[in-house]
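Student: Could you take me through the aromatic side chains in this one, up close? I'd like the geometry and how far to trust it.

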Amino acid sequence: MSELWMNIQAYFTSRLDEYLICLWQHISISILALLAAALIGIPCGYLCIRYVKCKKWLVGIFQILRIIPSLAILILLIPIMGTGIKPAMTALVLMAVPPILMNTADGFEEVPEFMLETAAGQGMKEWQIFWKVQVPLAVPYMLTGTRTAIIEIVASASIAAKIGAGGLGGIIFTGLGLNRTDLLLIGGVSVALLSLTAGMIFSGLEKIFIPWRSPGRQKKLKS
């Protein structure tokens, strides 16, 4: 155990710059994938409610893509996109869209009908009802879906290193190749802490921007 701890200390002493680069790559890939997934998932979630027939197809397509392992998607994308960040980003986005899409759809679906009727009765136009009533009430669901997505992205981004996209996965795969327990611990614990931190950040955002949400209502949100 003491030797393992010494190896970990030696790694951070001699290769801290390399570690920070891997950490930054991992964070960058995760944030970009989350933004792309949100740009796809949120509009598609609204379309599922606006046009009910779309829900079956959109949810079905992304759910099918979601059950395919990330590594399998990466392998399938290599002949098309090559190696590097593009196929890694595509695989992560496809995996992250479903929770955002489904929670967004649930959020808009859960808006009480009487609130929409009241807003219309007060003379609000359709776009005003959307931005001032529907969106604020759907935001808690969107944040829940986004929190689920970022945790999955951060955890799965480790696989991206297998095709040269960088990130903390590189440390993990190096540890596997060299049978180095210290590198496996450094990479694995870093990914776990990063996932926990991302989840805590979004939980904090929910408390800051949605202080009115009750614990009882929170239980209804799907993850």
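Tutor: Ground rule first: rings of Phe, Tyr and Trp (its six-membered ring) pair if their centres lie within 6.5 Å, with planes under 30 degrees apart called stacked, over 60 edge-to-face and the rest tilted. By that rule, Tyr 46, Phe 108, Phe 130 and Trp 131 form one aromatic cluster. This is a predicted model, so local features need pLDDT (the predictor's confidence in each residue, from 0 to 100) of at least 70, and side-chain atom pairs count only at pLDDT 80 or more, while totals for chains, interfaces and linings use all residues. Residues are numbered from 1 along each chain as its sequence is written, and side-chain values use heavy atoms, leaving out hydrogens and water.

Searching the whole structure turns up six aromatic pairs. One of them is Tyr 11 with Phe 12, edge-to-face at 5.6 Å centre to centre and 85° between the planes. Tyr 11 counts as buried (under 20% relative accessible area; exposed is over 50%, partly exposed in between, 1.4 Å probe, protein chains only) because its relative accessibility is 3%. Phe 12, at 29%, is partly exposed.

Back in the cluster, Phe 108 and Phe 130 are stacked, with 5.9 Å between centres and 5° between planes. Phe 108 sits in helix H5 (residues 85–109) and Phe 130 in helix H7 (residues 126–156), so this pair ties together parts 22 residues apart in sequence; helices here are DSSP runs (H or I, at least four residues), numbered from the N terminus. Both Phe 108 and Phe 130 are buried.

As for trust, the protein's mean pLDDT is 83, and 92% of its residues reach 70 or more.

Terms used:
Helices (H or I, at least four residues) and strands (E, at least two) are DSSP runs, numbered from the N terminus.
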